[in-house]
Amino acid sequence: MNSNVNTQGGGLSKFKGLAVDYKISLIMIGDSSVGKTCFLLKFADENSNISHIPTIGIDFKIKTIQIDGKNVKLQIWDTAGQERYRTITQTYFRDVQGVIVAYDCTSEESFNNVRNWVRQVEAHTNGRENVEAVLIGNKSDLVDRKVIETEQGQALAKEFGMDFFETSARTGLNVQETFISITKKIKDKLALKEAAVAPIPQSLGGANGQIGGAAQQQQIHNNRESIMLTGNGHNQAKKEKKGGCCGGSKK
Ligand SMILES: Nc1nc2c(ncn2[C@@H]2O[C@H](COP(=O)(O)OP(=O)(O)O)[C@@H](O)[C@H]2O)c(=O)[nH]1
Ligand SMILES: [Mg+2]
């Protein structure tokens, strides 16, 4: 799709040893069974394990991609079943910069519930002030069972100021595109923020960027580091094999 984007290589291995320019956290939400976990696995690495944090009941996947020559490390959270209660708590939105809201093209109920999910996102992220969001209509491969027209999805996404993709975790349609689109938006926003506090040039009185420059750059770096829950993430995470996803086993 975009020649400046590289998502090949599955996980971190391809980028091992390379500096991570940005760390970004995303979360997948939507009704149970719309295909969130399959979608995430299709993107991350179909055959790999997903990590599980039992204390807060959430799964996550890490994948590093390259956008515009920058290495972007994505941490993608996936609700571990609690979405069946149709409510998720503040915990899940901690440090999240992007939300992927999913419905199932073959389920009107899941589509009608998108509003509820978006409301929850807004409630937990200060009106989505600093959070990008994208709407996906998944299972688009089930053409004969499709009950939500493409235009309905588009209209709803527009109403909420979100991008929209019809996707299939089974065929892979628009899976990469969805992640790349939301990640690029967040990355560009972070880059703009950095530029806004760039070092003051010496010609304008800055001493090698020390006045208002280096200190702020360090602060940005620290903020970036704190974005990720790496400490309580990978180390405490329990590896859990998710079988049957998109492999034919139905829930
Ligand atoms: N045909 C089709 N089935 C899918 C797709 N995505 C998920 N599924 C199936 O839908 C069921 C629920 O998927 P899952 O990822 O567990 O949904 P979640 O509860 O939202 O995480 C599983 O049986 C998947 O195989 C898709 O894009 N197309
Ligand atoms: Mg799931």
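## Working through a predicted model

In this predicted model, Asp-59 is buried, because 22 other C-beta atoms lie within 10 Å. Let's start from there.

**Exercise 1.** Find where Asp-59 sits, and work out how far its C-alpha atom is from that of Asp-78.

*Solution.* Begin with the strand: Asp-59 belongs to strand 4, which covers residues 58-67. Next, look across to Asp-78, 19 residues apart from Asp-59 along the chain. The C-alpha atoms of the two are separated by 5.0 Å.

**Exercise 2.** Decide whether Asp-68 is buried, partly exposed or exposed, and check the sign of its phi.

*Solution.* First, place Asp-68: it is in the loop between strand 4 and strand 5 (70-79). Then count: 13 other C-beta atoms lie within 10 Å, so Asp-68 is partly exposed. Lastly, the backbone: phi is positive, about 50°, although Asp-68 is not a glycine.

**Exercise 3.** Do the job again for Asp-95: give its loop, its exposure and its phi.

*Solution.* Asp-95 lies in the loop between strand 5 and strand 6 (98-104). It has 14 C-beta neighbours inside 10 Å, so it counts as partly exposed. Its phi is near 65°, a positive value in a residue other than glycine.

**Exercise 4.** Name the residues that touch the most other members of the largest nonpolar core, then list what Met-28 touches.

*Solution.* The core has 52 residues, and the ones to pick out are Ile-27, Met-28, Ile-100, Val-101 and Leu-135. Now follow Met-28. Leaving aside residues up to four places away in sequence, it touches Lys-36, Phe-39, Leu-40, Ile-76, Trp-77, Asp-78, Ile-100 and Ala-102.

How values were computed
Residues are numbered from 1 along each chain as its sequence is written. Chains are lettered from A and ligands numbered from 1 in the order in which they are written. This is a predicted model: local features need pLDDT of at least 70, side-chain atom pairs count only at pLDDT 80 or more; totals for chains, interfaces and linings use all residues. A nonpolar core is a set of buried Ala, Val, Leu, Ile, Met, Phe, Trp, Tyr and Cys residues joined through C-beta atoms within 7 Å. A residue is buried if 20 or more other C-beta atoms lie within 10 Å of its own, exposed if 12 or fewer, and partly exposed in between; C-beta atoms are placed from the backbone. Two residues are in contact if their C-beta atoms, placed from the backbone, lie within 7 Å. Helices (H or I, at least four residues) and strands (E, at least two) are DSSP runs, numbered from the N terminus.
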